[in-house]
Each structure stands twice: as structure tokens, then as C-alpha cells.
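Look over the sequence and the structure shown below before reading on. The text then goes through a few parts in turn.

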Amino acid sequence: QVQLVESGGGLVQPGGSLRLSCAASGLTFSMYIMSWYRQAPGKERELVASISSNGGTTNYADSVKGRFTISRDNAKNTVALRMNSLKSEDTALYYCKAVSSLLGTKWGQGTQVIVAS
């Protein structure tokens, strides 16, 4: 059974930091491109960052460039999102996504991030 389980969300003040983690099981993790998406209330889900299967290539939404860092550990089947200098507009439900052209797409259930004073 494939599972993606996000953790690390919470309430943080503007300017603060959080580290999200996504633990994968039931799949060959190193074959998947991993991404973080987010969805704010009343808005569509958007791509935040992605990382290639071997970790060599990363991409970021313009809104988070220079503040967020995506990384992965294929030995531990985890992908992380380090978020610094958080803003109120970063408030959203953050999802982990695994994509393989051969094996399909999997989503986690999400972890809530609230940036507020």
C-alpha cells in the first residue's frame, strides 16, 4: 500500500521557519519525482517546489525562490521542504506528491501551515 505522510506543519509567526517532511512507503521512492504543492483557502492548488529522482535538479515557484529549499533522502524515502522567512501568504495546506511516468502519481493527505502573528 502506497503512503505519503506529511508532517511538520503548524503555526509560525511571519519571518519564522518551518521544515516539512514527507515519508514515503510502499513505492520505489528513487524512481519518483517528488514535489510539494500547496492550497490556500479559496485558491487552486499550486506547485511550490519539485526535485528530480536523484536530487540533482530542483525547481521552485517564483513566490518561494530564495526562501524555500527542497531536498530528498532516497535512503530514507523522505523529501523535505525547508521554509524560511515565512509570510502570511504562505498559509496553506501543503501536500507531497510523487510522480513517475511509468508508475503513476501519488498524493499525501497534507499538512497545515499557518503564518500569523
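Which side chain of opposite charge is nearest to Glu6, and how many Å away is it? The model is a predicted one, in which local features need pLDDT of at least 70 and side-chain atom pairs count only at pLDDT 80 or more, while totals for chains, interfaces and linings use all residues. Residues are numbered from 1 along each chain as its sequence is written, and side-chain values use heavy atoms, with hydrogens and water left out.

The nearest side chain of opposite charge to Glu6 is Arg45, at 7.7 Å. For charge, Lys and Arg count as positive and Asp and Glu as negative, while His and the chain ends are not counted. Glu6 is buried and has no salt bridge. Buried means under 20% relative accessible area, exposed means over 50%, and partly exposed is in between (1.4 Å probe, protein chains only). A salt bridge is a side-chain nitrogen of Lys or Arg within 4 Å of a carboxyl oxygen of Asp or Glu.

What does the side chain of Glu6 reach instead? One partner is the backbone nitrogen of Gln109, at 3.1 Å. Another is the backbone nitrogen of Gly110, which lies 2.9 Å from a polar atom of the Glu6 side chain. Glu6 itself sits in strand 1, residues 3–7. Strands (E, at least two residues) and helices (H or I, at least four) are DSSP runs, numbered from the N terminus. Leaving aside residues up to four places away in sequence, Glu6 touches several others, including Cys22, Trp36, Tyr94, Tyr95 and Cys96. Touching here is contact, with heavy atoms within 4.5 Å.

Next comes strand 9. This strand spans residues 92–100, and 7 of its 9 residues are buried. Strands count as paired if DSSP finds at least two bridges between them. Strand 9 pairs with strand 4 (residues 33–39) in the antiparallel sense, over 7 bridges. Within that pairing, Ser35 has Lys97 of strand 9 as its bridge partner. Strand 9 is also antiparallel to strand 10 (residues 104–107), with 4 bridges between them. Here Ala98 has Lys106 of strand 10 as its bridge partner, and a hairpin of 3 residues joins the two strands. Strand 11, residues 111–115, runs antiparallel to strand 9 as well, and 3 bridges join them. Leu93 stands opposite Gln112 of strand 11.

The last topic is charge pairing. Side chains of opposite charge can pair when their charged atoms come close. The structure holds 4 salt bridges. How far apart are the closest N and O atoms of Glu46 and Arg38? They are 2.7 Å apart, and the two residues form a salt bridge. Glu46 is partly exposed, with a relative accessible area of 34%, whereas Arg38 is buried, at 6%.

Arg38 also meets Asp90 in a salt bridge, at 2.9 Å from N to O. Asp90 lies in the loop between strand 8 (78–83) and strand 9, and Arg38 lies in strand 4, so this pair ties together parts that are 52 residues apart in sequence. Asp90 has a salt bridge with Arg67 too, at 2.8 Å from N to O. That pair links distant parts of the chain, 23 residues apart, with Arg67 in the loop between strand 6 (58–60) and strand 7 (68–73). Both Asp90 and Arg67 are buried. Arg38, Glu46, Arg67 and Asp90 are thus linked in a network of salt bridges.

Conventions:
Polar contact = N/O pair within 3.5 Å; in protein donor to acceptor, adjacent residues only side chain to side chain.
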